[in-house]
Amino acid sequence: MKIDILLGLQWGDEGKGKIVDALSPDYDIIARFQGGPNAGHSLEFNNIKHILHLIPSGIFHPGKINIIGNGVVLDPAVFRQEIDNLGIPLEELTKRLVISSRANLILPTHRMLDAAYEQKKGHLKIGSTLKGIGPTYTDKTSRNGLRAGDIMLKDFRQMYEGLSSGHLELLRQLEYESDISKYEKDWFAGIDLLKKFRVENTEYLINDMLSAGRKVLAEGAQGTMLDLDFGSYPYVTSSNTISAGACTGLGVSPKTIDEIFGIFKAYCTRVGSGPFPTELNDETGELLRKKGSEFGATTGRPRRCGWLDLPALRYAIMINGVTRLFMMKSDILSGFSTIKVCSSYRVNGQDVDQRPYDNNAAIEPVYTELPGWQEDITGIRKYNELPLNLRNYVEFIEKQTGIPITIVSVGPDRNSTIFR
Ligand code: GDP
Ligand code: IMO
Ligand code: MG
């Protein structure tokens, strides 16, 4: 058996949580491979909305194993809060959730460093979620980090103090003042909770399950345009959000990968700074934000909104090797008389399909206009019953990308999903 990967093709918040939850019945393991509490994955069933940050989106399905992979950075305080909010008994959760001993830990001081660095950047702020992601991955690559497996070591407390005191010195140099004691209490309570879970080398678990013919769904966080290497650096996150990240973030061979599901919104959004060629700073952008409730699931910040960007989508498909596309939030486009799609970029007077390297390059989107549809589609469950103009929109994107769109999502609930 093989691994399927589901990941975002835009700037995050494409609807990954909803689809992972909807697809979970088809899998034995659901595994997060990168990112951390910067993610906010929403899913909805029985009229209740859940937002997950660290915990994989298969957690609500009994009998499934959810793995927090080695590529994830884990904040024990956030972990504890999330476990408390799930409404699932702890005894059951300890059966459903396994944590990689190699996942690096976010310390309270990592969060402070994140805030201190952003403060120093002034108008060049990345717009980080301030969850400590960048500083934690920095310590990982500089080989100073603490990992989940370390919590069982006799000298864990000393290891913690060593790393934390170095950070505090740095924070002093950065003239950043904050009281660590209130964060530390929650953090150590989170460590105590972690000890109740299986913390192990999950690469064995995943590979053993694959050998036994089980199916794995790898759940990405963020999106391709926020990838550390291929996003609009430095306005990116600090991990590889692309399909290759699933191999390093879970400990599996590229040979085990089967399908790569690329998920995108029928339009575009971005939170935080950085280039966004199709951004609409007008009433249409405002309308998309209002209709789509485009406010961050982690920070509550308003998301920047714009039309679909095909050069960026084609780029993401290329980098990831996407085999199927899933189009989300199609219902939000109901009611527009015309829908625009950016089919190429005009840079220095020339039409190009490639993203310029320079974040400051003046990019003028070249739009193709398609007729919209007015019907409320949230109750529709069959592709053929969708308005003709929406089907034309779907088929236009398929033609422009060369990849089939096999899911059209028409609402936040797990059942508001049309499979083709
Ligand atoms: P993720 O980070 O990729 O999991 O996405 P988020 O949860 O941050 O943001 C997606 C938002 O859109 C959430 O509020 C979802 O409940 C919602 N959502 C997902 N799919 C659909 C859809 O097809 N239609 C509508 N209206 N909302 C959706
Ligand atoms: P999900 O998994 C949208 C953005 C932040 C910021 C940049 C760096 O819900 O799609 P970081 O905290 O990682 O240092 O922030 O990345 N960002 C996200 N945007 N969805 C996310 O996750 C994001 N995680 C980080 O807004 O611009
Ligand atoms: Mg999100």
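Analyst: A residue is near a molecule if one of its heavy atoms lies within 4 Å of it. Please keep in mind that this model is predicted.

User: Thanks! Which residues come nearest to ligand 1?

Analyst: There are 20 residues around ligand 1, and those that come nearest are Lys 16, Ser 42, Lys 49, Asp 331 and Ser 409. By class, this shell holds eight charged, seven polar and five nonpolar residues.

User: Which elements supply at least two residues each to that shell, and which gives the most?

Analyst: Helix α1 (16–23) and strand β3 (41–45) each do so. The most comes from α1, with three residues.

User: What makes the pairing of Asp 13 with ligand 1 a polar contact?

Analyst: The cut-off is 3.5 Å between N or O atoms. A polar side-chain atom of Asp 13 is 2.9 Å from an oxygen atom of ligand 1, so the pair qualifies. Two further pairs can be set against that cut-off: Lys 49, through an N or O atom of its side chain, is 2.7 Å from a ligand 1 oxygen, and Glu 14, through a polar backbone atom, is 3.1 Å from one. Both therefore count as polar contacts too.

User: How much of ligand 1 does the protein bury?

Analyst: Ligand 1 exposes 580 Å² when taken alone, and the protein buries 94% of this area.

User: Now ligand 2. Which residues come nearest there?

Analyst: Asp 13, Lys 16, His 41, Thr 129 and Thr 237 come nearest, out of 20 residues around ligand 2. Its shell has 10 polar, seven nonpolar and three charged residues.

User: How do you know that Ser 128 makes a polar contact with ligand 2?

Analyst: An N or O atom in the Ser 128 side chain is 3.3 Å from an oxygen atom of ligand 2. That lies within the 3.5 Å limit, so the pair counts. The side chain of His 41 also has an N or O atom 2.7 Å from a ligand 2 oxygen, and a polar backbone atom of Gly 40 is 2.9 Å from one. On its own, ligand 2 has 550 Å² of accessible area, of which the protein covers 97%.

User: What makes Asp 13 stand out in its backbone?

Analyst: Most residues other than glycine have a negative phi. Phi of Asp 13, however, is positive, near 60°. Asp 13 sits in the loop between β1 (3–8) and α1.

User: And what kind of peptide bond joins Tyr 233 and Pro 234?

Analyst: That bond is cis, with omega about 5°. Most peptide bonds are trans. Pro 234 belongs to the loop between β10 (216–219) and α9 (243–250).

User: Why are α4 and α6 called roughly parallel?

Analyst: Helix α4 (residues 108–121) packs against helix α6 (residues 156–173) at about 20°, and their axes are 9 Å apart. Angles under 35 degrees count as roughly parallel, so α4 is roughly parallel to α6. The crossing of α4 past α6 is left-handed.

User: Why, then, is α2 called roughly perpendicular to α7?

Analyst: The angle between α2 (residues 76–85) and α7 (residues 181–194) is about 65°, with the axes 7 Å apart. The range for roughly perpendicular is 65 to 115 degrees, which means α2 earns that description relative to α7. The angle is given as about 65°, at the lower end of that range. The α2 and α7 crossing is left-handed.

Definitions and conventions:
Residues are numbered from 1 along each chain as its sequence is written. Chains are lettered from A and ligands numbered from 1 in the order in which they are written. This is a predicted model: local features need pLDDT of at least 70, side-chain atom pairs count only at pLDDT 80 or more; totals for chains, interfaces and linings use all residues. Side-chain values use heavy atoms; hydrogens and water are left out. A polar contact is a pair of N or O atoms within 3.5 Å; within protein, one must be able to donate a hydrogen and the other to accept it, and residues adjacent in sequence count only if both atoms are side-chain atoms. Accessible areas come from the Shrake-Rupley method with a 1.4 Å probe; for residues, only the protein chains shown count as cover. Helices (H or I, at least four residues) and strands (E, at least two) are DSSP runs, numbered from the N terminus. Ala, Val, Leu, Ile, Met, Phe, Trp, Tyr, Cys and Pro count as nonpolar, Asp, Glu, Lys and Arg as charged, and the others, Gly among them, as polar. Axes are lines fitted to C-alpha atoms, for helices over the stretch in contact, and angles run from 0 to 180 degrees between N-to-C directions. Angles under 35 degrees count as roughly parallel, over 145 as roughly antiparallel, 65 to 115 as roughly perpendicular and the rest as oblique. A crossing is left-handed if the near helix is turned anticlockwise from the far one by less than a right angle, and right-handed if clockwise.
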